[in-house]
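Reader: Hello! I am new to this structure and would love a close look at a single part.

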Amino acid sequence: MAKKVPLRMCCVCREQKVKKDLIRIVKNKDGKIFVDESGKADGRGTYICRTGGCAGEAEKRRAIERALKSAVDAELFASIKELVAQQ
Ligand SMILES: [Zn+2]
């Protein structure tokens with residue numbers, strides 16, 4: 001039987017993808033927002049595609065702000081873009 005792979009949705013393009021194709025962004029209980037590379041951090045998470053234009057779009061369209069209902073600083077976008085650029 002094939003193992004069922006859990007899918008997560010990119011908050012920009014709304015496509016469902018496997019976690020390894022996405023970058024997880026988490027807001028923890030202290031309200032700190034950060035890129036969760038382990039994928040295991042506690043808190044409310046949202047996802048962005050690792051490839052393509054979603055990282056840039058997220059900044060323009062404030063998709064992360066809307067998903068997490070919080071302000072996001074430029075530093076977070078810088079670390080997201082770093083991850084995207086590594087691909
Ligand atoms: Zn996407």
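Is Cys11 buried or exposed, and what are the cysteines around the zinc ion doing?

Author: Happy to help! This is a predicted model, in which local features need pLDDT of at least 70, side-chain atom pairs count only at pLDDT 80 or more, and totals for chains, interfaces and linings use all residues. Residues are numbered from 1 along each chain as its sequence is written, and side-chain values use heavy atoms, leaving out hydrogens and water.

Cys11 counts as buried because its relative accessibility is 9%; buried means under 20% relative accessible area, exposed over 50%, and partly exposed in between, with a 1.4 Å probe and protein chains only. Cys10 is buried too, at 0% relative accessibility.

Now to the metal. The zinc ion is coordinated by the SG atoms of Cys10, Cys13, Cys49 and Cys54, at 2.2 to 2.3 Å. Donors are N, O and S atoms within 2.8 Å of the metal (3.2 Å for Na, K and Ca); water is not among the atoms, so sites may look incomplete. The angles among the four donor atoms are 106 to 113°, and the site is tetrahedral, a label that four donors earn if all angles lie between 85 and 135 degrees. Along the sequence, the donor residues follow the spacing C-x2-C-x35-C-x4-C. Cys10 and Cys49 link distant parts of the chain, 39 residues apart, and both are buried.

What about a bond for Cys11? Its sulfur lies 5.5 Å from the closest cysteine sulfur, in Cys10, which is too far for a bond. A disulfide is a pair of cysteine sulfur atoms within 2.5 Å, and a search of the whole structure finds zero disulfides.

Notes
Tetrahedral: all angles 85-135°; square planar, octahedral: opposite > 155°, others 65-115°. Helix = DSSP H or I, 4+ residues; strand = E, 2+ residues; numbered from the N terminus.
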